Amino acid sequence: MKNILILSLFALLALPVCAQEQAASSAADASGEKVLYSLGYLLGENLKNNLLLNNEDDFKAVSQGLRDALLNRNSQTDLEDYKPLVEKRYRDDTTAVINKRKIEQDEFLKEAKKDKKNQTLSNGVVMRINKKGKGKTPKASSLVKVHYEGKLLDGTEFDSSIKRGKPAEFPLNGVIPCWTSALQEMKAGSKATLYCPPDTAYGNAQAGPIQPGSLLIFDVELLDVIDK
């Protein structure tokens with residue numbers, strides 16, 4: 001159980017690199033109390049996203065366990081007996097959450113593929129060209145400059161170069177497969193929406209608010225292409 005929770009804690013703090021940079025800019029202004037509150041909130045979000053907590057009694061039980069541990073109180077249960085049950089509950093609930101997410105995402109992609117305005121790439125990425133550019137088309141080895149916004153299927157925004165006011169630059173073969181394939185279908189000056197299946201994005205890894213097995217949606221503007 002300890003290993004599961006430690007990994008979960010690292011995962012919830014493992015924000016995408018660009019999001020880390022954005023958060024770092026305000027970190028100096030945060031008091032110790034606010035940092036700890038944020039840690040507690042993030043831990044709660046992580047538990048919520050990986051466990052099927054169905055009612056107020058479930059929330060109270062988890063909260064009481066956290067309080068007792070933090071206040072050095074004795075556990076109200078025999079932890080040696082309950083550790084295997086906790087590990088099983090965590091695994092089973094996480095699997096159920098991922099499966100539910102997969103069903104929703106598969107249905108979404110199925111509908112997206114029916115839309116004649118969209119094109120489906122060989123790796124399953126669905127993209128829509130919203131504006132056609134007239135510049136160069138990148139190769140996998142090209143350095144590209146882009147503005148983008150990344151969202152989850154429920155609309156949660158997890159990253160935005162636009163809000164930072166600074167375009168991102170990177171080698172196209174150094175990012176997620178969704179981007180590597182989709183941007184090679186665009187010309188500089190183009191804008192597109194990308195629907196990235198999990199296996200073309202972060203797969204079963206977790207990065208901040210991006211849960212394992214998540215479909216990602218990006219609005220991308222290809223600003224420039226620099227061939228090596």
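Colleague: Which side chain of opposite charge is nearest to Glu149, given that Glu149 is buried yet has no salt bridge?
Modeller: This is a predicted model, where local features need pLDDT of at least 70, side-chain atom pairs count only at pLDDT 80 or more, and totals for chains, interfaces and linings use all residues. Numbering starts from 1 along each chain as its sequence is written, and side-chain values use heavy atoms, leaving out hydrogens and water. Glu149 is buried (under 20% relative accessible area, 1.4 Å probe, protein chains only; exposed is over 50%, partly exposed in between), and a salt bridge would take a Lys or Arg side-chain nitrogen within 4 Å of an Asp or Glu carboxyl oxygen. The nearest side chain of opposite charge is 4.7 Å away, and that's Lys151.

Colleague: Where does Glu149 lie?
Modeller: Strands here are DSSP E runs of at least two residues, helices H or I runs of at least four, numbered from the N terminus. Glu149 falls within residues 143–152, which is strand β3.

Colleague: How far apart, N to O, are Asp93 and Arg89 in their salt bridge?
Modeller: They sit four residues apart in helix α5, so about one helical turn separates them. Asp93 is buried at 8% relative accessibility, while Arg89 is partly exposed at 39%. Their side chains meet at 2.6 Å.

Colleague: And which residue forms a salt bridge with Lys102?
Modeller: Lys102 is partly exposed, at 46% relative accessibility. The partner is also in helix α5, four residues away, about one turn of the helix. The closest N and O atoms are 2.7 Å apart, and the partner is Asp106.

Methods: Lys, Arg positive; Asp, Glu negative; His and termini not counted.
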